[in-house]
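These notes are meant to be read with the model open beside them. Please go through the points in order and find each residue as it comes up.

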Amino acid sequence: MNRSTTIMTVASVAVGGVLAYAVYFDYKRRTDANFRKQLRKEKKRVKQSQSQTPSESAQTATEGVDANDLRSALESVRNEEVPAGPEEKEQYFMKQVGIGEQLCAKGPVYHLSAAMCFYRALRVYPSPVELVVIYEKTVPPPVFQLVMELTNLDVKDRVEGYYTFFPPKAMNVAVETIDVPDGKGATMSKKVLVVTKDFEAGEVIYQEDPIVAVLDADLQGKGTHCSYCLRQIQNDPIRPESDRLHSVYCSSDCQTQHNAHSQTLLFTLESPLPAAIAPEMKGAQREERENAQKAFVEYLIQTKRAAPELVARFVARQVSAETAKMLPRGILPGVASEPVLTDGGEYSLYDHLERLRYLEVNPADHETRVLKDVLQTALPGLEQFLTEDRHATFIGKMSYNSYGVYFGEGREDKPDTAARPENAEKTRTPCGTSKQIGTGFYAVSSYISHNCAPSAKPVFPTGTAQLQLMATRALQKGDEITVAYVDVLQHSEETPEVARRRRRMELARGWRFACSCKRCAEDGLEGEIEEGGDESRVEDVVTRVEGS
């Protein structure tokens with residue numbers, strides 16, 4: 001059976017340029033959960049095919065390449081510089097595929113070298129799963145198997161080595177795994193944050209900017225707070241002429257950053273891609289996009305919940321970050337592609353979100369649809385990324401991990417929610433969700449557990465959404481950091497038992513766990529029976545890899 005060349009097959013697919021990266025998010029190629037599943041599936045298929053039709057050349061090729069050879073080959077490719085721009089990537093891709101095919105023709109002794117070429121091409125291709133399928137049909141089976149072995153080895157290293165790079169050592173904290181009570185008489189493994197040096201009470205352990213942040217619904221568009229940094233505006237705010245959400249800004253810099261990260265894609269009719277490569281939007285398309293944005297904004301106004309907007313902005317920021325990686329340097333001046341959350345390594349925003357705990361939630365029936373419509377009308381194809389299951393998981397992660405942004409002792413004028421107490425949105429706010437002015441999602445701070453006698457406190461002394469974590473007591477290297485997710489003070493009208501009942505009820509409603517901290521045990525009534533476990537969980541793929 002004749003095999004067509006890989007270059008001709010790829011050319012017939014015609015997926016390229018920055019738009020493909022935006023649609024597929026580059027999805028961090030080797031660390032995407034679906035991609036990993038596809039890799040395992042393709043690997044099994046190849047092995048089955050080879051077991052059914054074994055060939056002398058395949059056996060010779062695989063027997064001649066051991067684990068050390070594969071490791072050396074992978075390290076060699078990793079140390080090579082990858083082209084930055086889309087045109088350079090395309091040329092690099094075509095060159096590597098061409099060399100790989102030439103090496104395949106030279107026989108089994110060149111199979112590993114050929115596989116390295118195909119693997120280099122895979123690193124820069126916008127739709128890696130698609131390319132794997134093409135490889136399976138066009139690349140000789142023993143070489144394809146080596147490509148899969150290289151890719152799986154890379155995936156394994158990146159997944160298992162994540163916490164070597166995250167969080168940055170300059171933040172003075174590290175992630176560790178400990179066993180904690182599960183509320184059902186057993187224990188469960190959980191990732192927690194610990195300090196890597198000693199701190200005195202009142203010292204700032206680290207500061208962290210939010211990946212995404214949103215104002216409370218009653219403040220959005222009023223002109224009192226910046227829609228990007230959440231700062232209270234003292235002078236006349238900047239009000240964009242065309243903005244579906246009626247956002248306002250304290251500075252032109254905040255407006256520029258907000259537009260680049262998420263605002264343009266979600267709430268304006270401008271293209272989220274640079275003008276030089278943006279496709280022309282015709283009248284009917286503009287109308288569809290405008291209607292989709294109107295429906296989404298109406299939903300946000302109606303629900304008055306932060307999580308749907310946080311998810312939308314997170315998805316949009318992924319598009320922004322991956323698009324920026326594909327553009328020639330300088331085409332988006334002054335805009336950071338994504339926050340620096342690791343000391344090296346190639347990890348995306350999704351990599352950070354994927355590992356976090358979340359609550360299983362059921363978004364409203366049309367919530368996923370209204371957001372998908374916004375994505376589809378902005379960049380057709382982008383909506384395929386947001387399945388109902390993935391959207392529900394994203395909502396669950398924002399609901400479980402987000403912090404309330406408050407200034408000083410918090411505000412006193414937040415309107416009461418119309419939602420039932422058990423359905424009211426909660427954020428990790430030590431003075432109570434009712435005192436916040438907005439909500440932020442922070443990658444590192446998401447690992448901090450609750451304690452009713454916390455060792456640290458999130459504060460916002462800059463008057464923006466930048467979080468500073470302050471030690472509330474002396475901490476020694478290796479001590480776990482904890483914060484209060486709710487108001488844990490005992491108020492004047494409360495007995496210890498009443499205060500305990502209040503905070504535990506809030507924790508159960510907002511985060512679905514029964515607090516087992518020392519203070520709760522001491523404040524409880526003698527003989528009181530504690531019931532309830534911890535309903536938070538991690539994604540199945542993380543459980544399989546990390547066992548947590």
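1. Leucine 230 sits in the loop that runs between strand E4 (212–215) and helix H11. Helices (H or I, at least four residues) and strands (E, at least two) are DSSP runs, numbered from the N terminus. Leucine 230 is not a glycine, yet its phi is positive, about 70 degrees. Its relative accessible area is 0%, so leucine 230 is buried. Here buried means under 20% relative accessible area, exposed means over 50%, and partly exposed lies in between (1.4 Å probe, protein chains only).

2. A word on the source: this is a predicted model, in which local features need pLDDT of at least 70 and side-chain atom pairs count only at pLDDT 80 or more, while totals for chains, interfaces and linings use all residues. Residues are numbered from 1 along each chain as its sequence is written, and side-chain values use heavy atoms, with hydrogens and water left out.

3. Lysine 304 also has a positive phi, of about 55 degrees, and is not a glycine. Its loop is the one between H12 and H13. Is lysine 304 buried or exposed? Lysine 304 counts as exposed, because its relative accessibility is 59%.

4. One peptide bond to look at is the one from phenylalanine 166 to proline 167, which is cis, with omega near -10 degrees. Proline 167 belongs to the loop between helix H10 (162–165) and E1.

5. For the chain as a whole, there are 19 helices and ten strands. Of its 548 residues, 52% are buried. Taking contacts (heavy atoms within 4.5 Å) with a separation of 6 or more, 73% are between residues 24 or more positions apart.

6. Helix H11 (residues 252–267) packs against helix H12 (residues 283–303) at an angle of about 110 degrees, and their axes are 9 Å apart. Axes are lines fitted to C-alpha atoms, for helices over the stretch in contact, and angles run from 0 to 180 degrees between N-to-C directions. H11 and H12 are therefore roughly perpendicular to each other; the scheme is under 35 degrees for roughly parallel, over 145 for roughly antiparallel, 65 to 115 for roughly perpendicular and oblique for the rest. H11 contributes Thr264, Leu265, Leu266 and Phe267 to the contact, and H12 contributes Arg289, Gln293, Phe296, Val297 and Leu300.

7. Strand E1 (residues 173–181) runs antiparallel to E2, and nine bridges join them. Two strands pair if DSSP finds at least two bridges between them. Across this pair, valine 180 stands opposite methionine 188 in E2. Strand E2 (residues 187–195) is mostly covered, with seven of its nine residues buried.

8. An open sheet is formed by three strands in the order E3-E9-E8, with antiparallel pairing. Its edge strands, each paired on one side only, are strand E3 (204–208) and strand E8 (456–459). From one strand to the next, the twist averages 20 degrees. E3 and E9 are joined over four bridges, and glutamate 208 stands opposite leucine 467 in E9.

9. Leucine 475 is in the loop between strand E9 (467–471) and strand E10 (482–483). Leucine 475 is buried, because its relative accessible area is 3%. Lysine 197 is 278 residues away along the chain, but the C-alpha atoms of the two are separated by 8.1 Å. Not counting residues up to four places away in sequence, leucine 475 touches Val195, Lys197, Asp198, Phe199, Ile205 and Ser455.

10. Which residues have the most contacts inside the largest nonpolar core? They are Leu193, Ile205, Tyr206, Leu265, Leu469 and Ile481, in a core of 88 residues. A nonpolar core is a set of buried Ala, Val, Leu, Ile, Met, Phe, Trp, Tyr and Cys residues joined through side-chain atoms within 4.5 Å. Helix H13 (residues 307–326) supplies the largest share of this core, eight residues. Apart from it lies another core, of 33 residues, including Cys104 and Val132.

11. How many disulfides are there? The count is zero, a disulfide being a pair of cysteine sulfur atoms within 2.5 Å. The sulfur of cysteine 117 has its closest cysteine sulfur, in cysteine 104, at 8.7 Å, too far for a bond. Cysteine 520 is in no disulfide either, as the nearest cysteine sulfur, that of cysteine 452, is 3.7 Å away.
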